[in-house]
Amino acid sequence: MRVGGSVRWLLEPTSPDELRGAYLAALESGLPIRFLGGGANIVAADGTWNGVVISSAQMRRIFRPLPGTSDTEGMDAGDADFRMAMPEPAYDPRLIAWAGCTLPALVRTTKGLGYSGLEGLMGVPGHVGGGIAMNAGGSWGDIWDHIEFVRLLNPEGEFVDVPRAAAHPTYRNGNLNGGLVVGAVWKLEPAPKLVVEARIREYLLHKQKVQPVTQWSAGCVFKNPDPERSEGRSAGKLVDDVGLKGFAIGDAQVSPLHGNFIVNLGKASASQVFELMDQVQDRVAQATGVELEFEVKRWLAQSQQ
Ligand SMILES: Cc1cc2nc3c(=O)[nH]c(=O)nc-3n(C[C@H](O)[C@H](O)[C@H](O)COP(=O)(O)OP(=O)(O)OC[C@H]3O[C@@H](n4cnc5c(N)ncnc54)[C@H](O)[C@@H]3O)c2cc1C
């Protein structure tokens with residue numbers, strides 16, 4: 001949302017092997033490590049953070065698997081076996097994407113090939129790695145729904161493949177146990193391109209109506225609470241009911257369009273955004289008794305942790 005400061009070390013590996021090298025070097029430095037995707041769900045503190053950020057920005061590749069390969073072939077080793085091949089779409093409707101492939105690029109590729117299953121992701125910004133870590137989704141489903149397996153770098157720095165059946169993603173949480181997403185394989189449904197395109201358009205139009213998609217934000221600030229505790233009200237509805245839509249601290253404002261979004265009107269600082277988040281959380285708790293949990297990842301300064 002275009003707030004926040006800088007970091008001592010920013011590493012931008014361009015392949016799975018470089019990613020592993022970057023991670024091992026970061027471990028060796030003894031500094032704290034953070035993973036950055038598109039930053040669409042992160043608010044980073046002002047000032048300089050004394051640590052290492054590993055970014056997926058340069059790992060954007062997207063592939064179709066080689067014809068006739070087994071489920072895990074084509075993901076073997078690091079870079080070398082992510083190969084480009086062009087089987088007929090109906091022949092093998094699978095896609096391999098590296099962590100830094102953007103979610104819009106992933107959806108555009110499915111549209112071009114006539115693969116269905118990820119249409120609801122249109123309009124969700126960010127990268128594949130961040131999307132898998134957050135289990136990005138909506139009323140249509142989640143990014144994990146059609147995944148065959150995810151390749152992770154585990155905290156020890158080894159590549160491990162996690163098949164969908166062995167993973168336990170929950171609402172906005174990929175539950176990666178500290179793992180770093182390297183890439184993933186999706187198995188999608190072949191469908192007429194026009195049908196895929198129409199579904200994508202529908203999701204996009206709906207999103208444009210209900211979310212401040214053209215303003216700088218970090219997506220939903222809070223997770224939707226358990227409906228039993230909130231009498232079925234979403235986080236945005238609770239904020240709205242407390243009368244906080246439009247409430248601002250400096251240039252950080254609760255979106256007048258959607259109560260669960262905070263937008264940067266131009267010159268907001270991260271500390272103003274954090275202050276606004278805390279005030280909204282407190283006021284909703286006082287007025288309704290519902291303790292909202294942050295969905296957005298708050299990258300606090302060392303002094304705030
Ligand atoms: C306008 C707008 C609309 C949005 N709409 C939706 C929506 O409809 N549904 C939805 O679910 N979300 C939505 N979001 C939130 C956001 O788009 C998603 O959470 C997205 O998945 C974040 O991806 P990212 O790459 O930007 O992740 P980041 O914001 O960079 O990171 C999010 C988290 O994932 C971790 N992470 C990043 N990369 C990796 C990696 N390679 N391996 C392991 N961990 C990693 C980070 O450390 C952080 O904890 C919206 C955001 C905006 C701004």
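Contact, in these close-ups, means heavy atoms within 4.5 Å. Keep in mind that this is a predicted model.

**View 1. Helix α2 and what sits over its buried face.** Here we look at α2 (103-113), where Leu103, Ala105, Leu106, Val107, Thr110 and Leu113 are buried. The cover over those buried residues includes strands β5 (62-63), β6, β7 (115-116) and β12, along with helices α3 and α4. Check the start of the helix too: a side-chain oxygen of Thr102 comes within 3.1 Å of the backbone nitrogen of Ala105. Just after α2 comes Gly114, with a positive phi, near 75°.

**View 2. The largest nonpolar core.** This core has 32 residues, and the ones that touch the most other members are Leu106, Leu121, Val128, Ile132, Trp144, Val150 and Trp186. At least two residues apiece come from β6 (94-98), α2 (103-113), α3 (128-134), β10 (147-153), β12 (180-187) and α4 (193-210). The top contributor is α2, which puts in five residues. Elsewhere there's a second, separate core of 27 residues, with Ala235, Ala252, Leu276 and Leu292 among them.

**View 3. Trp144 and its neighbours.** Zoom in on Trp144, one of the core residues that touch the most other members. Leaving out residues up to four places away in sequence, Trp144 touches Ile132, Asn135, Val150, Arg164, Ala167, Pro169, Gly174 and Leu176. Of these partners, Ile132 and Val150 are also on the list of core residues with the most contacts to other members.

**View 4. The ligand in its shell.** Of the 31 residues around the ligand, the ones that come nearest are Phe35, Gly37, Ala40, Pro125 and His127. Three backbone contacts are worth picking out. A backbone N or O atom of Pro125 lies 2.6 Å from a ligand oxygen, and one from Gly131 is 3.4 Å from a ligand oxygen. For Gly137, the partner is a ligand nitrogen, 2.8 Å from a backbone N or O atom. On its own the ligand would expose 970 Å², and the protein buries 92% of that.

**View 5. Which elements build the ligand shell.** Two or more shell residues come from each of β2 (33-36), α3, β12, β14 (216-220) and β18 (297-299). Helix α3 has the largest share, at five residues. Sort the shell by class and you get 14 nonpolar, 14 polar and three charged residues. Helix α3 also supplies at least two residues of the largest nonpolar core, as does β12.

**View 6. Arg172, a buried arginine in a loop.** You'll find Arg172 in the loop between β11 (159-163) and β12. Why does Arg172 count as buried? Its relative accessibility is 12%, and the cut-off for buried is under 20%. A polar atom of the Arg172 side chain lies 2.7 Å from the backbone oxygen of Asn135. Not counting residues up to four places away in sequence, Arg172 touches Met134, Asn135, Ala136, Gly137, Gly138, Asp142, Lys223 and Glu295. Gly137 in that list is the residue whose backbone has an atom 2.8 Å from a ligand nitrogen.

**View 7. Gly38, in the loop between β2 and β3.** This last view shows Gly38 in the loop that links β2 and β3 (42-44). Gly38 has 45% relative accessibility, so it counts as partly exposed. Apart from its neighbours within four places in sequence, Gly38 is in contact with Gly126 and His127. His127 is also one of the residues that come nearest to the ligand. For scale, Gly38 and Gly174 are 16 Å apart, C-alpha to C-alpha, and 136 residues apart in sequence.

Conventions: Residues are numbered from 1 along each chain as its sequence is written. This is a predicted model: local features need pLDDT of at least 70, side-chain atom pairs count only at pLDDT 80 or more; totals for chains, interfaces and linings use all residues. Side-chain values use heavy atoms; hydrogens and water are left out. A nonpolar core is a set of buried Ala, Val, Leu, Ile, Met, Phe, Trp, Tyr and Cys residues joined through side-chain atoms within 4.5 Å. Buried means under 20% relative accessible area, exposed over 50%, partly exposed in between (1.4 Å probe, protein chains only). Helices (H or I, at least four residues) and strands (E, at least two) are DSSP runs, numbered from the N terminus. A residue is near a molecule or strand if one of its heavy atoms lies within 4 Å of it. A polar contact is a pair of N or O atoms within 3.5 Å; within protein, one must be able to donate a hydrogen and the other to accept it, and residues adjacent in sequence count only if both atoms are side-chain atoms. Accessible areas come from the Shrake-Rupley method with a 1.4 Å probe; for residues, only the protein chains shown count as cover. Ala, Val, Leu, Ile, Met, Phe, Trp, Tyr, Cys and Pro count as nonpolar, Asp, Glu, Lys and Arg as charged, and the others, Gly among them, as polar.
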